[in-house]
Number of protein chains: 2
Amino acid sequence: MALPFPAAHPASATDTALSIGLSAVIVAVTGDDPKVLAVRHGGHEQLPSGPLERDHRTLEQGLRNWVERQTHQVLGHVEQLYTFGDRDRRETDGEHAARALSVAYLALVREARPAGDADAAWESWYRYFPWEDWREGRPAVLDAIEPGLRAWAATAPNAGVGSMRAERLSLAFGFGQSRDEERVLERYELLYEAGLVPEGLRERGVELAPGRALLPGVEMAGDHRRMLALAIARLRAKIKYRPVVFELMPPTFTLGQLQRTVEALSGVNLHKQNFRRLIEQQRLVEETGEATSETGGRPARLVRFRREVLLERPAPGVRLPGAGGRR
Amino acid sequence: MALPFPAAHPASATDTALSIGLSAVIVAVTGDDPKVLAVRHGGHEQLPSGPLERDHRTLEQGLRNWVERQTHQVLGHVEQLYTFGDRDRRETDGEHAARALSVAYLALVREARPAGDADAAWESWYRYFPWEDWREGRPAVLDAIEPGLRAWAATAPNAGVGSMRAERLSLAFGFGQSRDEERVLERYELLYEAGLVPEGLRERGVELAPGRALLPGVEMAGDHRRMLALAIARLRAKIKYRPVVFELMPPTFTLGQLQRTVEALSGVNLHKQNFRRLIEQQRLVEETGEATSETGGRPARLVRFRREVLLERPAPGVRLPGAGGRR
DNA sequence: CTCCCTTATGCTCAGTATGAGCATAAATGG
DNA sequence: CCATTTATGCTCATACTGAGCATAAGGGAG
């Protein structure tokens, strides 16, 4: 029996108008702020991005190309995040639908230069996600978020959907109990579904219920904020089992700086002594012999990343504890 | 200053012949074997796959559609793996290049039905990756792999490349020391680069050196074996921090069956008592009150997955130890 | 020059989790 | 009834974690 196979498997003629978008979430950390490179274009903020073109050898090449054209930033570590093509990405174009796929990437760079172009600027990512920064304790926005989400769960079309929604809320926001700092995307998607976030509200036919005001937190074009949420989630997860933080650090740094970087990314504070113990016993860094007194208090030793750990330990990373307060 | 933005950002006209392929790595476990659904087509084995079509609402819908047409299998849990479009995916088509992207998915299904179609069959994934199964101890294929890879590292064009290669080998295969069962993709890619695997050998202009024979392990069409490697890697990683194994289990099962499933997926044996302790103390399962004596020895309690853990623990999963021998 | 403030470092201690084994229970097939 | 096989219970030493106490060593204010 012949299976239903496409005529000539790859390239069976373009039966739909297709375009492939490439977008980059470019992350750097300066001081206490996790930064993302944003460009302003047509009244909106967006991620550096552009369509895949014929002379791009690979997807990643195309991405680097657009980023350099738009921001003059050269990328270091780059990894693919996700390909969006599912929701709200169909646009009617004359009589037949044009489909727009979009491949999102995460890139890490060392220093946040002043971003050559006036239209490209480094922004703290908590500007877009104010509810994700728990370093100063529970963010105030949550006072607006919580009732809004609860109302959304309560007004579900039926009981089944309602309890499903309640479960998702509790999972993502941990109202009451635990909170998982990695579930950035789930949290954003709940806010999106609940209509608490402006993106495409009208197109989706979602109405703001009287009691539900839009949240603070800056919007981005298209689904770029969703991409950013995904990038944050991925990075927060990844620093725990791969030494990627070091991609964001200068060649030599203090343990305090390293800790503040990790805290900036994960949005929580860590117990200082335990953090150092972890880094040292995993032998993630080595001495440079130098020290710096630019940290305010007692001068700190300067260390550098010890690349050899990659070969020694199976999953070297900065494990985060359940909580931990600055002391 | 005007930034170089594409004319009308999405859908800036199709400037290249594009086709989007959708491929599925569909996994099930029966008894001791991790199975993948493969279809035979044109002398090659391949994953269920086909191009994205105009009437597919979403990428995932398109995927489910092709899978059902080709294998009559209905998918449960589905997640996106990666979008390939980078290497060897350019095909000359007349005078302008036609680009073929391909979005790979991982799907988990409960039972391995006899696969309605004669051309679609469940195959143990170790058939394609015999070097990944360490349950019976070190796989014999490694005796062929190790010298082949070492030779490849030794014949590098220069010393820098050579030591880089040696480092990658040691990282992926852990010759000498540790081995990380998750690095399935890295291992496959090394074998690919070293020309020890037949895929596209000729196109790549890689020659088999005299001493290096091709390895046992069945080839697949295109880059499907790479996708499978990625799927295995992802699944092996994911069972540790999310309760996805249960997507592969029947509604009720014994701890022994659960353990054998985990071992099948991860390719290593676990210490039985510690495994049960882990599952129980994490409260991943609950009693059904029933028991079964189909396991050969003393009858075993039947348990079921306790969905509530999802709400209780931040990252419930089956953590694997460093090694562990069957006893 | 001291005292105070700030960040860096050292070290301890109890509670938990992990890796390995010993020992017993309860079926099944000669 | 015994040997074999898988299921379960429990123990023990060690490693890892979460919290905190205590000290060190700069800079700045008075």
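Biologist: Where in chain A does A:R306 lie?

Modeller: In this predicted model, look between two elements of chain A: A:R306 sits in the loop that joins strand 10 (300-305) to helix 9 (309-312).

Biologist: Is A:R306 buried or exposed?

Modeller: The idea is to compare the relative accessible area with a cut-off, and buried means under 20%. A:R306 has a relative accessible area of 7%, so this arginine is buried.

Biologist: Which residues is A:R306 in contact with, leaving aside its neighbours within four places in sequence?

Modeller: You will find A:R283, A:L284, A:V285, A:E286 and A:E312.

Biologist: Now for the DNA. Which residues come nearest to DNA strand C?

Modeller: There are 25 residues around that strand, and the nearest are A:K272, A:R276, A:R301, B:Q273 and B:R277. Of the strand C atoms within 4 Å of the protein, sugar and phosphate make up 54%.

Biologist: Which part of DNA strand C lies 2.8 Å from a polar side-chain atom of B:R277?

Modeller: A base nitrogen. The backbone can take part too: a polar backbone atom of A:R298 is 3.2 Å from a base oxygen of strand C. For A:G297, a backbone N or O atom is 3.2 Å from a sugar or linking oxygen of the strand.

Biologist: Which element gives the largest share of the surface near DNA strand C?

Modeller: Helix 8 of chain B, with five residues. Helix 8 (272-281) and strand 10 of chain A also supply at least two residues each.

Biologist: How many residues of that surface are nonpolar, polar and charged?

Modeller: Near DNA strand C, five are nonpolar, eleven polar and nine charged.

Methods:
Residues are numbered from 1 along each chain as its sequence is written. Chains are lettered from A and ligands numbered from 1 in the order in which they are written. This is a predicted model: local features need pLDDT of at least 70, side-chain atom pairs count only at pLDDT 80 or more; totals for chains, interfaces and linings use all residues. Side-chain values use heavy atoms; hydrogens and water are left out. Helices (H or I, at least four residues) and strands (E, at least two) are DSSP runs, numbered from the N terminus. Buried means under 20% relative accessible area, exposed over 50%, partly exposed in between (1.4 Å probe, protein chains only). Contact means heavy atoms within 4.5 Å. A residue is near a molecule or strand if one of its heavy atoms lies within 4 Å of it. A polar contact is a pair of N or O atoms within 3.5 Å; within protein, one must be able to donate a hydrogen and the other to accept it, and residues adjacent in sequence count only if both atoms are side-chain atoms. Ala, Val, Leu, Ile, Met, Phe, Trp, Tyr, Cys and Pro count as nonpolar, Asp, Glu, Lys and Arg as charged, and the others, Gly among them, as polar.
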